[in-house]
Every structure is written in C-alpha cells, then in structure tokens.
Amino acid sequence: HLVLASRVAGVGAPVDSAFTDLDDTDGLRRNALVARDLGFSGKSVLHPRQVPVVNEVFAPAADEVAAARRVVAAAAEAGRRGVGALRLDGRFVDAAVVARAQALLAMAREDEDAG
C-alpha cells in the first residue's frame, strides 16, 4: 500500500526499512530482493557493511540498462517519424514504457556518479 500511495502522491517509490540482523548477509539480500520486487526504491541500512548488498540489489543490472537504452533510442527514432508507440523485440512500447526506461537510465547514471 505504501508503494502505491507514494506513486499516486507523485513522490516516487519509498525506501524500505532496515534489516536488523547485521551478521545475516544472505537474509539481507533476500529481504532487499523482496522489497525491490514490491516496488521500493532502496533500503535503509544500519551498518556500512550492508551498503554493498543493498546497492547490488537495487542498482540496475547491465542488461536492464542496455534494454532501457534500446527503448529510448527506438522511441526517439519513432518520434522523429511521428509515431507515438512502437513494437520493439516483440514488445509494445509507449510513453509509459519509455518513461520507465528513462528513469532506469537516470538511476544508472546516479550510480555511476556515486561510484
């Protein structure tokens, strides 16, 4: 409910609460994966050693970044031809799909800038 309410309010996805077992890296990873799949944008941490696991889970994967670049490029080309929606790799691409791809690329750039 929190994720949906945040999106409706236009404030972006919320950050999940901290995982308190500092010695359970596998548990942290599982917990972070669930949070990501539920739509959270990140996870609070209690100790610096939790940061790499959380960053790994929430950072876009290389294949996701590559796919997002293809979507944005294809949409730009379609836009130059006056086409608003298109088919790419058998999938429907419209403004909402392009916006998600652009957001993912922005997140990937933030990760690069921070690293």
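Contact, as used below, means heavy atoms within 4.5 Å. The structure is a predicted model.

**Exercise 1. Describe how helix 2 and helix 3 pack against each other.**

Step 1. Locate the two elements: helix 2 spans residues 25-38, and helix 3 spans residues 51-58.

Step 2. Examine the geometry. The two axes come within 9 Å and cross at roughly 30°. The crossing of helix 2 with helix 3 is right-handed.

Step 3. List the residues that meet. Helix 2 contributes Thr25, Leu28, Arg29, Ala32, Leu33, Ala35 and Arg36. Their partners in helix 3 are Val53, Val54, Glu56, Val57 and Phe58.

Step 4. Sort this contact by class: eight residues are nonpolar, one is polar and three are charged.

**Exercise 2. Identify the salt bridge that involves arginine 49, and place both of its residues in the chain.**

Step 1. Search the whole structure, which yields seven salt bridges.

Step 2. Select the pair in question. The side chain of arginine 49 meets that of aspartate 23, with an N to O distance of 3.1 Å. This value satisfies the criterion, a side-chain nitrogen of Lys or Arg within 4 Å of a carboxyl oxygen of Asp or Glu.

Step 3. Place the residues. Aspartate 23 belongs to the loop between strand 1 (15-16) and helix 2, whereas arginine 49 belongs to the loop between strand 2 (42-43) and helix 3. The pair, 26 residues apart, thus links distant parts of the chain.

**Exercise 3. Characterise the largest cavity.**

Step 1. Count the cavities of 30 Å³ or more: there is one.

Step 2. State the volume of the largest cavity, which holds about 40 Å³ of space.

Step 3. Name the lining. Phe19, Asp21, Leu22, Asp24, Thr25, Leu28, Arg49 and Gln50 surround the largest cavity. Of these residues, three are nonpolar, two polar and three charged.

Step 4. Relate the lining to the earlier exercises. Thr25 and Leu28 line the cavity and also take part in the contact of helix 2 with helix 3. Arg49 is likewise a lining residue, and its side chain forms the salt bridge with aspartate 23.

**Exercise 4. Determine which elements line the largest pocket, and which of them gives the most.**

Step 1. State the volume: the largest pocket contains about 960 Å³ of space.

Step 2. Find the residues at its centre. The lining has 31 residues, and the closest to the centre are Glu64, Ala68, Arg100, Ala101 and Leu104.

Step 3. Assign the lining to elements. At least two residues come from each of helix 2, helix 3, helix 4 (62-80), strand 4 (91-93) and helix 5 (95-114). Helix 5 gives the most, with eight residues.

Step 4. Classify the lining of the largest pocket: 19 residues are nonpolar, two are polar and 10 are charged.

How values were computed
Residues are numbered from 1 along each chain as its sequence is written. This is a predicted model: local features need pLDDT of at least 70, side-chain atom pairs count only at pLDDT 80 or more; totals for chains, interfaces and linings use all residues. Side-chain values use heavy atoms; hydrogens and water are left out. Axes are lines fitted to C-alpha atoms, for helices over the stretch in contact, and angles run from 0 to 180 degrees between N-to-C directions. Helices (H or I, at least four residues) and strands (E, at least two) are DSSP runs, numbered from the N terminus. A crossing is left-handed if the near helix is turned anticlockwise from the far one by less than a right angle, and right-handed if clockwise. Ala, Val, Leu, Ile, Met, Phe, Trp, Tyr, Cys and Pro count as nonpolar, Asp, Glu, Lys and Arg as charged, and the others, Gly among them, as polar. On a 1 Å grid over the protein atoms alone, a cavity is a set of points where a 1.4 Å probe fits but cannot get out, and a pocket is an open set with protein on both sides within 12 Å along at least five of seven lines; lining residues have an atom within 4 Å of a point. Grid points are joined across faces, edges and corners, and a volume is the space filled by probe spheres set on the points.
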